[in-house]
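I opened my notebook to look around a structure I had not met before. Here is what I looked up, entry by entry.

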Amino acid sequence: MTHEREADVLSEVPSAGNTNGWTTRVVLLGVLTFRLANACVLQTWFVPDEQWQSLEVAYKLVYGYGYLTWEWTEGIRGYTHPLLFATVYWLLKLCGLDNTFSLTLVPRLVMGFFAALSDVCVYHLTLEYLQSHAAAKWATVCSLTSWFAFYCMPRTLANSLEAALICVALTCWLCSRRARSWKLTWASLFVASVAVVVRPTSAVVWLLVFGIHLITTPNKTSFIAGCLLPISVITVVVSVGLDSYFYGKLTVAPWNFFRFNVLYDLGSLFGTHPWHWYSMKHWHN
């Protein structure tokens with residue numbers, strides 16, 4: 001597709017700078033301020049995974065000591081998510097700012113940034129899909145006033161990062177379909193692949209999205225060979241490489257996760273839901 005055609009398509013989208021809408025800068029600054037304040041307000045913990053599957057692992061990577069739970073001895077957890085906070089801890093240590101206050105607060109501020117990014121994507125996703133500034137505004141208001149998002153999104157949970165990445169990937173995907181842009185398609189697939197690495201269960205979302213596209217698109221070969229396959233290979237190689245390096249042996253964490261929870265059904269020791277739970281819960285929400 002020519003650049004002129006892509007520009008023509010993009011020009012059909014309602015301008016974010018229109019007086020009836022909010023500019024990207026206004027949305028970003030507004031939600032970023034809100035989510036950073038949100039991160040500072042949270043003074044409690046929600047579930048143990050906030051520490052034991054993220055911050056404790058990151059602390060051990062940077063400082064060389066700490067406690068790792070059984071999931072890490074079994075190799076069913078990947079290091080991609082904790083590495084985000086390990087990078088934060090390393091920078092704080094490098095700057096001599098690694099005190100208790102900053103080690104506790106800064107990771108939540110980082111997650112507050114990702115929460116704000118998801119709110120911005122909610123605005124643009126709605127604007128792109130419904131072509132309505134009013135709908136985009138109300139969708140953003142609903143996102144910001146959701147008590148559960150306020151309570152969970154700035155936390156250092158893999159679920160929170162996964163939710164933000166899904167919002168970004170879906171926004172890129174919808175925009176790529178309208179603009180017919182391979183760059184946006186690549187961006188969407190890349191972010192989606194990171195979301196799957198962070199939390200393998202998010203693959204359910206992308207099997208549906210990309211599966212529908214594969215059924216309906218006439219360019220199946222170009223999509224698979226030009227986008228889906230290379231990004232999948234790169235993601236698998238990098239993910240397995242990182243996990244194998246930190247575990248000290250060849251480790252495929254998603255496979256270990258699948259084998260432990262599905263093939264061996266050992267996850268049922270910690271409780272189960274009926275087969276219809278996900279569909280009924282999502283319908284209820």
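**Entry: the start of α10.** I began at the N-terminal end of α10, which is capped by serine 181. I found a side-chain oxygen of serine 181 lying 3.4 Å from the backbone nitrogen of lysine 183. A reminder to myself: this is a predicted model.

**Entry: along α10.** Next I checked the length of the helix. α10 has 17 residues and reaches 24 Å from its first C-alpha to its last. That is close to the 24 Å expected at 1.5 Å a residue. I then listed the buried residues of α10: Thr185, Ser188, Leu189, Val191, Ala192, Ser193, Ala195, Val197 and Val198. What covers them? I noted that the cover includes α5, α9, α11 and α12.

**Entry: tryptophan 173.** I moved on to helix α9, where tryptophan 173 is found. Is tryptophan 173 buried or exposed? Its relative accessibility is 9%, so I count tryptophan 173 as buried. Leaving aside neighbours within four places in sequence, I found tryptophan 173 in contact with Thr185, Ser188, Val209, Phe210, His213 and Phe223. Two of these names, Thr185 and Ser188, I had already met among the buried residues of α10. I also looked up the spacing to phenylalanine 210: the two C-alpha atoms are separated by 9.7 Å, with these positions 37 residues apart along the chain.

**Entry: the largest nonpolar core.** I turned to the largest nonpolar core, which has 36 residues. Those with the most contacts inside it are Tyr89, Leu161, Leu165, Leu189, Trp206, Phe210 and Phe223. I saw that α3 (49-63), α5 (80-94), α6 (100-130), α9 (158-179), α10 (182-198), α11 (203-216) and α12 (220-247) each give two or more residues to this core. Which element gives the largest share? I found that α9 does, with 9 residues.

**Entry: tyrosine 89.** I picked tyrosine 89 out of the core for a second look. Its contacts, leaving aside neighbours within four places in sequence, are Leu55, Ala58, Tyr59, Val62, Tyr63, Leu103 and Pro107. Apart from the largest core I noted another core, of 8 residues, among them Val31, Ala116, Ala136 and Leu144.

**Entry: a pocket.** Last, I looked at the second largest pocket, with a volume of about 520 Å³. I read off 24 lining residues, of which Ser193, Val196, Ala203, Ser232 and Thr235 lie nearest its centre. Two or more lining residues come from each of α10, α11, α12 and α13 (253-263). The most come from α12, with 8 residues.

Definitions and conventions:
Residues numbered from 1 in each chain as written. Predicted model: local features only at pLDDT ≥ 70, side-chain atom pairs only at ≥ 80, totals over all residues. Heavy atoms only, no water. Core = buried A, V, L, I, M, F, W, Y, C linked by side-chain atoms within 4.5 Å. Buried < 20%, exposed > 50% of the residue type's maximum accessible area, 1.4 Å probe, protein only. Helix = DSSP H or I, 4+ residues; strand = E, 2+ residues; numbered from the N terminus. Contact = heavy atoms within 4.5 Å. Expected span 1.5 Å × (residues − 1). Polar contact = N/O pair within 3.5 Å; in protein donor to acceptor, adjacent residues only side chain to side chain. 1 Å grid on protein atoms, 1.4 Å probe; cavity = no way out; pocket = protein on both sides within 12 Å on 5 of 7 lines; lining within 4 Å. Points joined across faces, edges and corners; volume = space filled by probe spheres on them.
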